[in-house]
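Let's take a walk through this one together. Keep the 3D view open and turn it as we go.

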Amino acid sequence: MSSDALPIDPTAFAQALESLPPETLHLKAAEIANSINHLKSSNEQMLPFADEGDQDCKDAMFENLVVIGRMNERIRMLREEVEKRGLRWADAEVEDSERRVNGHVLEEGDAVVGTGQRAQSGRLTDEELRRRLAEQMAQDGEDEEGVHL
């Protein structure tokens with residue numbers, strides 16, 4: 001994404017969903033979940049460099065977390081649109097109060113990025129970023145099996 005390109009406004013995204021067939025909504029959710037997995041993998045790969053003090057990696061990891069939050073919100077909107085039509089969210093599973101879409105666990109914290117300790121710049125501190133990434137990687141290791149491409 002270029003620096004001057006902005007993500008679609010949530011209201012416009014929700015309005016665009018209204019004209020799409022249900023199978024397209026499910027495909028879009030799968031596409032978004034795949035993108036989330038790639039961003040998480042990217043953060044895992046950058047973590048050692050961020051731990052060594054690479055500010056560019058820290059900034060990229062933070063941006064990935066912001067994007068993951070936005071993507072989780074989009075998946076929620078897709079699900080709401082499907083259910084609003086009286087249809088079943090076929091790719092969603094509910095297990096032990098966890099919400100899953102296409103095998104990806106959606107957590108409350110995923111949809112709301114930005115809570116927690118902040119540095120004076122308004123960004124997460126190194127410790128808060130490290131803690132969040134460690135929690136996310138631990139959950140991924142517990143909840144998912146196999147290789148995700």
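The expected span of a helix is 1.5 Å times one less than its number of residues. With helices and strands taken as DSSP runs (H or I over at least four residues for a helix, E over at least two for a strand) and numbered from the N terminus, α3 has 30 residues and reaches 44 Å from its first C-alpha to its last, which is close to the 44 Å expected.

A word on what you're looking at: this is a predicted model, in which local features need pLDDT of at least 70, side-chain atom pairs count only at pLDDT 80 or more, and totals for chains, interfaces and linings use all residues. Residues are numbered from 1 along each chain as its sequence is written, and side-chain values use heavy atoms, leaving out hydrogens and water.

Now the overall layout. The protein chain has five helices and three strands, and along the sequence they follow the pattern α-α-α-β-β-β-α-α. Of its 149 residues, 33% count as buried; buried here means under 20% relative accessible area, exposed means over 50%, and partly exposed is in between, with a 1.4 Å probe and protein chains only. Take contact to mean heavy atoms within 4.5 Å. Among the contacts in the chain with a separation of 6 or more, 67% are between residues 24 or more positions apart.

Back to α3, starting at its beginning. Aspartate 54 sits in the loop between α2 and α3 and is partly exposed, at 31% relative accessibility. At the start of α3, one of the side-chain oxygens of aspartate 54 reaches to within 2.9 Å of the backbone nitrogen of aspartate 56. The aspartate 54 side chain also reaches the backbone nitrogen of cysteine 57, at 3.1 Å. Past the other end, just after α3, look for glycine 86, which takes a positive phi of about 80°.

Next, follow α3 alongside α2 (residues 22–51). What does asparagine 64 of α3 touch, leaving aside its neighbours within four places in sequence? Its contacts are Leu39, Ser42, Asn43 and Met46. Asparagine 64 counts as buried because its relative accessibility is 11%. Its side chain makes a polar contact with the side chain of asparagine 43 at 2.8 Å. A polar contact, by the way, is a pair of N or O atoms within 3.5 Å; within protein, one must be able to donate a hydrogen and the other to accept it, and residues adjacent in sequence count only if both atoms are side-chain atoms.

Three residues of α2 help you trace the C-alpha spacing. Serine 42, in α2, is partly exposed at 26% relative accessible area, and its C-alpha is 9.2 Å from that of alanine 60, 18 residues apart along the chain. Histidine 38, also placed in α2, is partly exposed at 44%; histidine 38 and isoleucine 68 are 30 residues apart in sequence and 10.0 Å apart, C-alpha to C-alpha. Then there's serine 35 of α2, partly exposed at 26%, whose C-alpha is separated by 8.4 Å from that of methionine 71, 36 residues apart along the chain.

Finally, bring α1 into view. Two packed helices are described by the angle between their axes and the distance between the axes. Here the axes of α1 (residues 10–17) and α3 (residues 55–84) come within 10 Å and cross at roughly 35°. The contact is made by Pro10, Phe13, Ala14 and Leu17 of α1 with Arg74, Met77, Leu78 and Glu81 of α3. How do these residues divide into nonpolar, polar and charged? There are six nonpolar, no polar and two charged, where Ala, Val, Leu, Ile, Met, Phe, Trp, Tyr, Cys and Pro count as nonpolar, Asp, Glu, Lys and Arg as charged, and the others, Gly among them, as polar. The axes themselves are lines fitted to C-alpha atoms, for helices over the stretch in contact, with angles that run from 0 to 180 degrees between N-to-C directions.

Glutamate 81 of α3 deserves a stop of its own. Is it buried or exposed? Glutamate 81 is buried, because its relative accessible area is 7%. Not counting residues up to four places away in sequence, glutamate 81 touches Leu17, Glu18 and Leu25. A polar contact of 3.1 Å joins its side chain to that of lysine 84.
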